[in-house]
Amino acid sequence: MNADLSRPHPAGREDDSSLRPTFVERELPAGRHQFHKERLMAQIHEDLRAADAGTATPARRTGARNPFLRRAFLVPAAAFALAGALAAGFLTYVDRGAADGPGSTIATGPAMTTRIGTAEAKGTAELLDRISLAAASVGPGVKVRPDQFVYIGSKTANTYVKTVGDKSSLVSQELHMRHTWNSPDGLKGWLIEPGATGPGGLTLDRPKENGKDMQPNLNAPSHDYLAGLPTDPDVLLKKIYEETRGKGRGPDQQAFTTIGDLLRETHPPAELAAALYKTAAKIPGVVTVDDAVDAAGRHGIAVARLDEENGQREEWIFDRQTLEFLGERVVQVRGESGEDGLIKEGTVVFTNAVMTRGVVDRMKEMPGAGG
């Protein structure tokens, strides 16, 4: 999580007004499954939804990834404290406006759908090798001081099954911005995301276990932890398989998901980013998709893997020319999924676009906002 992208990234994305959303509370969607079974995260997620939705019944889990921050599932519900107003001079939902005007909400609407791109295994290893070389060419990036915070701003949306009483329906979030701040040691963190937090945000401070801070790991990484990971693809893949054993939907799918989440929600050093792509090339079942679109509407080529159990394909999207990592999406490409089979082929279950990564001096400060 350095100041600049570890892969080629055009400058000046911060002028998008969507980076300055109005933050409001709404029913928290079920989301798609993130990393493991997330029992603790699911409880937090359903508590928030029940409090906001009142009579709504939490949707049954479908194996979809939760849109919350990757490591939030480790935090007991009691560890989360909703924050008050943001400090003066930091990001606020009043003076920065919103993507669709003051007082915007993140309402639900019809399910997102897309053209299912054509998948081809041939040439995938070569593509990942080229992507790896592009990532390595960026250089080591800017170091983060212990007193600084890594900021990631991404545009995202989620499709989920909503159940009220005995009636279920498939709805989607409107695209919205997700803002995270994390200290390099991972001990301090903050999340602001409409639908997942209140206007002030939600702490992501690392919880304690038996009086000691939980140690970073692949599912709850810190910037410092990433810097210490092996960069030999064979060693790294072995570590991923070992640490995710028995979790997710099989070892290969879980390994692919683990790498994807690291690419999307962290900023690994260039050397590690390059190693992650070479590691992904060693996972069975990884293919190339001819066309995919991220949450910002940018078309690109994708590296993907099909989850044979639920028929959903996880796609990492790259710019065709620069091979920059743009974002990620999950598409239902085979059969039906979700409660009562409501998620049909062509449904976009999850979509994300990384818009801004940066290093700031204070929590909740936006890159370029100054002091």
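**Stop 1: the start of helix H4**

Select Asp 232 and Asp 234, at the start of H4: a side-chain oxygen of Asp 232 reaches to within 2.9 Å of the backbone nitrogen of Asp 234. Before you go on, keep in mind that you are looking at a predicted model.

Now colour the whole of helix H4, residues 233-243. Which residues of this helix are buried? They are Pro 233, Leu 236, Leu 237 and Ile 240. Because these residues cover an arc of only 100° around the axis, they sit on the same side of H4. The rule behind this is a handy one: an α-helix has 3.6 residues a turn, so residues three or four places apart point the same way. What covers the buried residues of H4? Show helix H5 (251-265) and helix H6 (270-280), which are included in the cover.

**Stop 2: Ser 132**

Next, select Ser 132 in helix H2, which spans residues 124-136. Is Ser 132 buried or exposed? Ser 132 is buried, because its relative accessible area is 2%, and the cut-off for buried is under 20%. To see what it touches, leave aside the neighbours within four places in sequence and show Ala 274, Tyr 277 and Lys 278, which are in contact with Ser 132.

**Stop 3: Arg 206**

Move on to the loop between strand E9 (202-203) and strand E10 (208-209), and pick Arg 206 there. Arg 206 is buried yet has no salt bridge. Where is the nearest side chain of opposite charge? That is Asp 213, 6.9 Å away. Look at backbone oxygens instead: the side chain of Arg 206 reaches the one of Gly 186 at 3.4 Å. The backbone oxygen of Met 214 lies 3.5 Å from a polar atom of the same Arg 206 side chain.

**Stop 4: a walk through the salt bridges**

Side chains of opposite charge can pair when their charged atoms come close. How many salt bridges are found in a search of the whole structure? The search finds 23.

Start with Arg 178 and Glu 193, whose closest N and O atoms are 2.6 Å apart. This pair links distant parts of the chain: Arg 178 is in strand E7 (residues 176-182), while Glu 193 is in the loop between strand E8 (189-192) and E9, 15 residues apart. Arg 178 counts as buried at 2% relative accessibility, and Glu 193 is buried too, with a relative accessible area of 2%.

Then select Arg 298 and Asp 294, another salt bridge, with the closest N and O atoms 2.6 Å apart. Here Arg 298 is buried at 14% relative accessibility, and Asp 294 is buried at 4%.

For a contrast, show Lys 344 and Glu 336, a salt bridge with its closest N and O atoms 3.0 Å apart. Lys 344 counts as partly exposed, at 39% relative accessibility, and Glu 336 is exposed, at 51%. Finish this walk by selecting Arg 115, Asp 290, Asp 291 and Arg 320 together: salt bridges that share partners join these residues into one network.

**Stop 5: Glu 309**

For the last stop, find Glu 309 in the loop between strand E13 (299-307) and strand E14 (312-318). Glu 309 is exposed, with a relative accessible area of 60%. Add Arg 249 to the view: its side chain makes a polar contact with the side chain of Glu 309, at 2.6 Å. Then add Arg 334, which is 25 residues from Glu 309 in sequence and 9.8 Å away in space, C-alpha to C-alpha.

Methods. Residues are numbered from 1 along each chain as its sequence is written. This is a predicted model: local features need pLDDT of at least 70, side-chain atom pairs count only at pLDDT 80 or more; totals for chains, interfaces and linings use all residues. Side-chain values use heavy atoms; hydrogens and water are left out. Helices (H or I, at least four residues) and strands (E, at least two) are DSSP runs, numbered from the N terminus. Buried means under 20% relative accessible area, exposed over 50%, partly exposed in between (1.4 Å probe, protein chains only). A polar contact is a pair of N or O atoms within 3.5 Å; within protein, one must be able to donate a hydrogen and the other to accept it, and residues adjacent in sequence count only if both atoms are side-chain atoms. Contact means heavy atoms within 4.5 Å. The arc is that of the directions from the helix axis to the C-beta atoms. Lys and Arg count as positive and Asp and Glu as negative; His and the chain ends are not counted. A salt bridge is a side-chain nitrogen of Lys or Arg within 4 Å of a carboxyl oxygen of Asp or Glu.
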